[in-house]
Amino acid sequence: MAHFIISLDRMRMFGRIGVFEQERIVGNEFVLDVRVRIDADRVSNDDVEGTISYADIYDEVKRVMEKPHRLLETVASEIGQRLRVRWPEIIDGNVSITKSVPPISGFDGSASVAYFF
């Protein structure tokens, strides 16, 4: 069976996510990657109704990112769950969220989690 992977890559969004209260007040930049897999047979005759709109996926991600959270894990799983509920035809997918500047003393890099659903 053939499949399509629909991806939104390197989405940069502001969010108020962090264990420390200050992170939820000040916020941070996050980079997200979202992929969903659908049955290729759903997409036929060049009809947009058979697929899932990139813009609609983006809107679902943005809604989750607009709310303060303590954990990246919570954000990633909430995004995956929202996508699954809105589009039950999704076979599976994954969400990766990266905190560009984590509050770790002396650390020069990013921190991320990935959720597979």
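Modeller: Two strands count as paired if DSSP finds at least two bridges between them. Keep that in mind for this model, which is predicted.

Colleague: Which residue in S4 stands opposite Lys99?

Modeller: Start with the strands concerned. Strand S3 covers residues 92–99, and strand S4 covers 111–116. S3 and S4 pair in the antiparallel sense. Opposite Lys99, in S4, stands Ala111.

Colleague: Over how many bridges do S3 and S4 pair?

Modeller: Pairing requires at least two bridges. S3 and S4 therefore qualify, given the definition and their count. That count is six bridges.

Colleague: Which strands are the edge strands of the sheet?

Modeller: The sheet is open and has four strands, paired antiparallel. Its order is S1-S2-S3-S4. An edge strand here pairs on one side only. That description fits S1 (3–15) and S4 (111–116).

Colleague: By what angle are neighbouring strands of this sheet turned against each other on average?

Modeller: The sheet in question is the open one, S1-S2-S3-S4. Direction is ignored for this angle. The average turn between neighbours is 10°.

Colleague: In what order do the elements of the chain run from the N terminus?

Modeller: The chain has three helices and four strands. Two of the helices lie across strands: H2 (residues 54–65) across S1, S2 and S3, and H3 (residues 72–86) across S2, S3 and S4. H2 runs at about 40° to S1, H3 at about 30° to S4. From the N terminus on, the order is β-α-β-α-α-β-β.

Colleague: With which residue does Arg35 form a salt bridge?

Modeller: The structure holds 10 salt bridges. In this one, the closest N and O atoms are 3.1 Å apart, inside the 4 Å cut-off. Arg35 sits in strand S2, its partner in strand S1, 26 residues apart along the chain. The partner is Asp9.

Colleague: How many charged residues are there in the lining of the largest pocket?

Modeller: This pocket has a volume of about 180 Å³. It is lined by 13 residues, the closest to its centre being Val19, Glu23, Arg70, Leu72 and Lys99. Eight of the lining residues are nonpolar and one is polar. The charged ones number four.

Notes:
Residues are numbered from 1 along each chain as its sequence is written. This is a predicted model: local features need pLDDT of at least 70, side-chain atom pairs count only at pLDDT 80 or more; totals for chains, interfaces and linings use all residues. Side-chain values use heavy atoms; hydrogens and water are left out. On a 1 Å grid over the protein atoms alone, a cavity is a set of points where a 1.4 Å probe fits but cannot get out, and a pocket is an open set with protein on both sides within 12 Å along at least five of seven lines; lining residues have an atom within 4 Å of a point. Grid points are joined across faces, edges and corners, and a volume is the space filled by probe spheres set on the points. Ala, Val, Leu, Ile, Met, Phe, Trp, Tyr, Cys and Pro count as nonpolar, Asp, Glu, Lys and Arg as charged, and the others, Gly among them, as polar. Axes are lines fitted to C-alpha atoms, for helices over the stretch in contact, and angles run from 0 to 180 degrees between N-to-C directions. Contact means heavy atoms within 4.5 Å. A salt bridge is a side-chain nitrogen of Lys or Arg within 4 Å of a carboxyl oxygen of Asp or Glu.
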